[in-house]
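This briefing is meant for a reader coming to the structure without prior knowledge of it. Please look over the sequence and the model below before reading the notes that follow.

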Amino acid sequence: MTAEVHKHYLSGGWSLHSWLLTTDHKRICWLYLVSITGFFFLGGIAALLIRLELMTPPGDFLTAEGYNETFSLHGIVMVWFFLIPSIPATLGNFLMPMMVGARDLAFPRLNLLSWYIYTLGGIFTIVMVIGGGVDTGWTFYTPYSSLFSSSAVIAAVAGVFIVGFSSILTGINFIVTTHTMRAPGMHWLRLPLFVWANYATSLILVLATPVLSVTLLLIAAERLLGIGIFDPSLGGDPLLFQHLFWFYSHPAVYIMILPAMGVVSELITCFSKNRIFGYKGMVLAIMAISLFGFVVWGHHMFTSGQSLYAGILFSFFSFLVAVPSAVKTLNWTATLYRGRITFTAPMIYGLSFLGLFAIGGLTGIFLAALALDVHLHDTYFITAHFHYIMVGGAVTAYLGGLHFWWPKMTGRLYSELWSKIAALALFIGFNLTFFPQFLLGYSGMPRRYHEYPEAFQLLHVMSSLGSVVLAIGYLLPLVYFTWSLFRGAPAGANPWQAEGLEWRTASPPPKHNFVSIPRVTEGPYAYR
Amino acid sequence: MNYRQPILIWLGLLALLALTVGLNVLMTGPWRPLLHYVIATAMAALLMVFFMRLRASDGLIRLFAVGGVLWLGLLILITLAEVLTR
Amino acid sequence: MPIVKPAPAEQFDDMGQQRRAVLMGMWVFLVTELLLFGGGFAMFAMYRVQHPQVFAEAAGHLSLPLATANTVLLLTSGLTMALAEQAVEAGSRRLTLVFYLATMALGLGFLGVKGYEWYQEWQAQLMPLPGLVFAWPGNESQQAELFFNLYFILTGLHALHMVIGLGLLGVMVVLVQRWRDPHRLTRQTQVSGLYWAFVDVIWLFLFTTLYLLGP
Ligand SMILES: [Cu+2]
């Protein structure tokens, strides 16, 4: 019996073969973690180069073209290869089967395949983007990408197209797992919100990604064959590209933020030792966000010449999405009320998320207003807004989740002090980097320019200094996590006294997650 | 083995095909495209319900099938609405 | 021949669960495929309402008889595929093989006819490729070119799916020939059947959209 218990999923060996051919969702999580961390720091280096250039008003560090290529690299890597897969492919992969009480995902081999597609496709794209000097930005807007850019656009869109399949496979796997693999007694309203969030994300992955795929194919066809679908001089319509692109890419924002919301629900409940406030409302809000998210895409096209009537409709729906988002934020806050709050590192990340997401969400309402958007469109206000959602929201929650489940994944603890310092560095550095950008954008600084008038220098310097603090917040975990992996104290099965099936098994968990499949008798977050 | 049902469905499909092609040759007017799509939908429904066994599948799979079609409808409808009101 | 005792893959509790999961996974995959084509249909719809006349005229230049014949071929292949599913459930290896091969033959026939159609359009100088002359006998030549671009993209994407489907059926023929694990074969046949019928459904709407909305 004891020998059985000590055989966990990592004790199967460290040979290359045992990793590269594994079908264990927990090991695949690690494969993803390695690739994603690599991509993240590459995108981060590009971000630092951008901030370095913007320290001074004239374009003295990078050329105009070099600057375009740098922000394209930053956007392409961060959006397509970091943010989209970040939480679902790592924490989702590790936790979805454990949280529903299953031995693995429904299709383990497909899961491994999706990692290969993701990693090889990602490396291919990045080599092409750097080597081919792609300068279109992450959006590949036509007609610039199809007619004018003389860089390796075809290879880049082909790479993103390929990586799309990895998203689709992960989505299918999660949907089927949630539907068919739940343990006895685990009915839908007993699922942790993390599972709900990843389920809703998977629906978006499955419904939206193929539309992006066909759009990217057409850019490639347009460049190769000159078919003119997006070329106005041949009877085509460039707005069509924006329609199809944003039909994917607006919901993609929810691909990034919904899993983050799932993580935060787990963090807030565990470290206030309270049941989640309004569980059913939270579930409804998750589903509403994922479905309403599909009818707001035109808010990216207010100034692109789309019809005014469509603009009004899209604006209205965009306001509407704010309602479930507000429901979630208020419910988290209510969960804290009269809780026994402990300020551990994961909780600091969770609370940071609440603050940053609130700012990001509220500024989103500015941008959803038709008239105001004309002033703010394509300025640093937009840049600040979506960084508050994607970095302040998604990345903060990703790190919070990593800190929360690290003891479960590795069986080891990390330095409490250093992790708190890292979490605070992230919060301070982030605000210092991006809050000045709201002010810059509001006073008229357009995005994607490598030089600017002297009047903007103070705010730009603040932003650049903030990015250094932010970088420290990202680098520190790398150090103490590596240390913990080898030297950390044993964590035990449940170091946080958390609720949830994943905490009822050993850390690290055995190969099939549970010694025997658990029987579920109550809802999630049974803290009292 | 039950050959009867698949063959009957197949005959039904061929009859509908004949109908839609016949309409195309014989009929003119603004309602014709609508009829073509109604017939195409009927044929697709026959294929899905019988050859793809939607009839014997659980409700969830039916929901996925319908959901996919609705989502496609959403994409086309909203895009067209924008183009037509420009 | 060795018959394996039916056992589910290790992550499942029983065969029923595995079967449900596999079928559901396939259906969700087909939904993504639908939306892949959906982007194409949305594009076509957008240009169809912007240039109604020339698009109708262009549709008249396609061969309705050949496309109708192709539809008959595909619908019949749908029938033989459904029969293959019944045969594998009835445990008849020979009949299953026969129906699979018939399905493949009909599918190849479809691709042959489609290829001939493309050849005809190439000869009529209606294939808008770089290096080829596009000769449109009417007004609004650019918009007509747009129609033919969309036509080749959509039928090409569909033909690609047919080729993938034929590859899948080819693998299945080998597996049926070996007849190792009938439970598994039944599951795999159902999944292949779903894919094949889906390609059929897409064709019905392509046929309606491209060929039947003529003048
Ligand atoms: Cu948006």
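H250(A) has a relative accessible area of 5%, and because buried means under 20%, this residue counts as buried. The model is a predicted one, and the notes below take up the copper site to which H250(A) belongs before turning to the cavities.

**Copper site**
- The copper ion has as its protein donors H250(A) through ND1, together with H299(A) and H300(A), each through NE2, and these donors lie 1.8 to 2.0 Å from the ion.
- Along the sequence, the donor residues follow the spacing H-x48-H-H.
- Distant parts of the chain are linked by the pair H250(A) and H300(A), which stand 50 residues apart: H250(A) sits in helix α10 (residues 238–272) of chain A, while H300(A) sits in the loop between α11 (279–292) and α12 (308–336) of chain A.

**Largest cavity**
- Five cavities of 30 Å³ or more are found in the structure, and the largest of them has a volume of about 170 Å³.
- Its lining is made up of 16 residues, with G500(A), L501(A), G523(A), P524(A) and Y525(A) lying nearest the centre of the cavity.
- By class, the lining of the largest cavity comprises eight nonpolar, two polar and six charged residues.

**Second largest cavity**
- The second largest cavity, with a volume of about 100 Å³, has a lining that includes Y32(A), W80(A), Y118(A) and L205(A).
- Two or more lining residues come from each of α5 (86–100) and α8 (153–180) of chain A, and α8(A) supplies the largest share, four residues.
- The lining of the second largest cavity holds nine nonpolar and three polar residues, but no charged ones.

Conventions
Residues numbered from 1 in each chain as written. Chains lettered and ligands numbered in written order. Predicted model: local features only at pLDDT ≥ 70, side-chain atom pairs only at ≥ 80, totals over all residues. Heavy atoms only, no water. 1 Å grid on protein atoms, 1.4 Å probe; cavity = no way out; pocket = protein on both sides within 12 Å on 5 of 7 lines; lining within 4 Å. Points joined across faces, edges and corners; volume = space filled by probe spheres on them. Nonpolar A, V, L, I, M, F, W, Y, C, P; charged D, E, K, R; others polar. Donors = N, O, S within 2.8 Å, 3.2 Å for Na, K, Ca; no water. Buried < 20%, exposed > 50% of the residue type's maximum accessible area, 1.4 Å probe, protein only.
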